[in-house]
Amino acid sequence: MDRYDAATYGDRIADVYDDRPEVRAQAIPVELLAELAGSGPVLELGVGTGRVAVPLAARGLQVHGIDASRAMVQRMHAKPGGDAVTVAIGDMADLPTPGGPYSLAFVVFNTFFAILSQGDQVRCFENVARALLPGGRFLVEAFVPDPARFDRSQRTSATRVAVDEVHLDATMYDAVDQRIDGEHVILRDGEPVRMLPVSLRFAWPSELDLMARLAGLQLEGRFGGWNREPFTAASGTHVSIYSKPGG
Ligand SMILES: C[S@@+](CC[C@H](N)C(=O)[O-])C[C@H]1O[C@@H](n2cnc3c(N)ncnc32)[C@H](O)[C@@H]1O
């Protein structure tokens, strides 16, 4: 997408992110993350407004984050307890950590796919592996790609229709680059059009496993959701846990 960089998604959505229905519908998986983290410290990639990091820090864990969007991080720091999360502003492929090494690094809600090339995704895995303690873990939560959602490489759908407003999702799919470029468009009578762009480079779980192996990490377990549901061919999402040898 033209003029789209690592900060675009967050900068454009920050003021409404926490109220978005798809965000409110997400689980806040603090129990499992705290269990995997042990005594920490913990690193979240794409920490955003602290939806997950702030409640995790409230449990007494040292939590660090990385995000490309200052606007998202400002929202976190304005929340009660938000200052407990130490943040580095930058690209998570470069992994500019504010500390470490970590017992747990995690990236949730499809955020790993915001790294827009395979090469940068591999580099991210390598940097995470370097930032982990021996025996440390890297948890990735992401959707399982479903090209059948697209008709002639595109999809447009309405997500809200009301008397004075319509919300539309318009997406285009590129099978070669494994990219999805989308706009959430909000049309409200009497107001300027609001555009919330998002670009993703998706990967199947098997490709993520290969990236992990290249980085020296091994798949420890994979669930079909946060309640440790079995991962099957019907799963639309996965929670994958990679670990670093040693420890
Ligand atoms: C969908 S939000 C998730 C935020 C938070 N993890 C949550 O679950 O609510 C994605 C976040 O990743 C950030 N982001 C996107 N691309 C990034 C990149 N390449 N490097 C660092 N952060 C990035 C965005 O600014 C945004 O805050």
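Among contacts between residues at least 6 apart in sequence, 60% join residues at least 24 apart in the protein, which is described here from a predicted model. The chain is arranged into seven helices and eleven strands, and its C-alpha trace spans about 60 × 40 × 35 Å along the principal axes. The radius of gyration of the protein is 18 Å, which agrees with the value near 18 Å that a compact globule of 247 residues would have. Of these 247 residues, buried residues make up 34%.

The surroundings of the ligand comprise 21 residues, of which Gly10, Gly46, Gly48, Ser69 and Ala114 come nearest. When the shell around the ligand is divided by class, 13 residues are nonpolar, five are polar and three are charged. Among the secondary-structure elements, helix H1 (8-13) and strand S2 (63-67) each supply at least two residues of this shell.

Aspartate 83 was also examined individually. This residue is placed in the loop between helix H5 (70-77) and strand S3 (86-89), and aspartate 83 counts as partly exposed because 14 C-beta neighbours lie inside 10 Å, a number that falls between the limit of 12 or fewer for an exposed residue and that of 20 or more for a buried one. With respect to phenylalanine 231, which is 148 residues away along the chain, the C-alpha atom of aspartate 83 is separated from its counterpart by 36 Å.

Definitions and conventions: Residues numbered from 1 in each chain as written. Predicted model: local features only at pLDDT ≥ 70, side-chain atom pairs only at ≥ 80, totals over all residues. Near = placed C-beta within 6 Å. Helix = DSSP H or I, 4+ residues; strand = E, 2+ residues; numbered from the N terminus. Nonpolar A, V, L, I, M, F, W, Y, C, P; charged D, E, K, R; others polar. Rg over C-alpha atoms; globule rule 2.2 N^0.38 Å. Contact = placed C-beta atoms within 7 Å.
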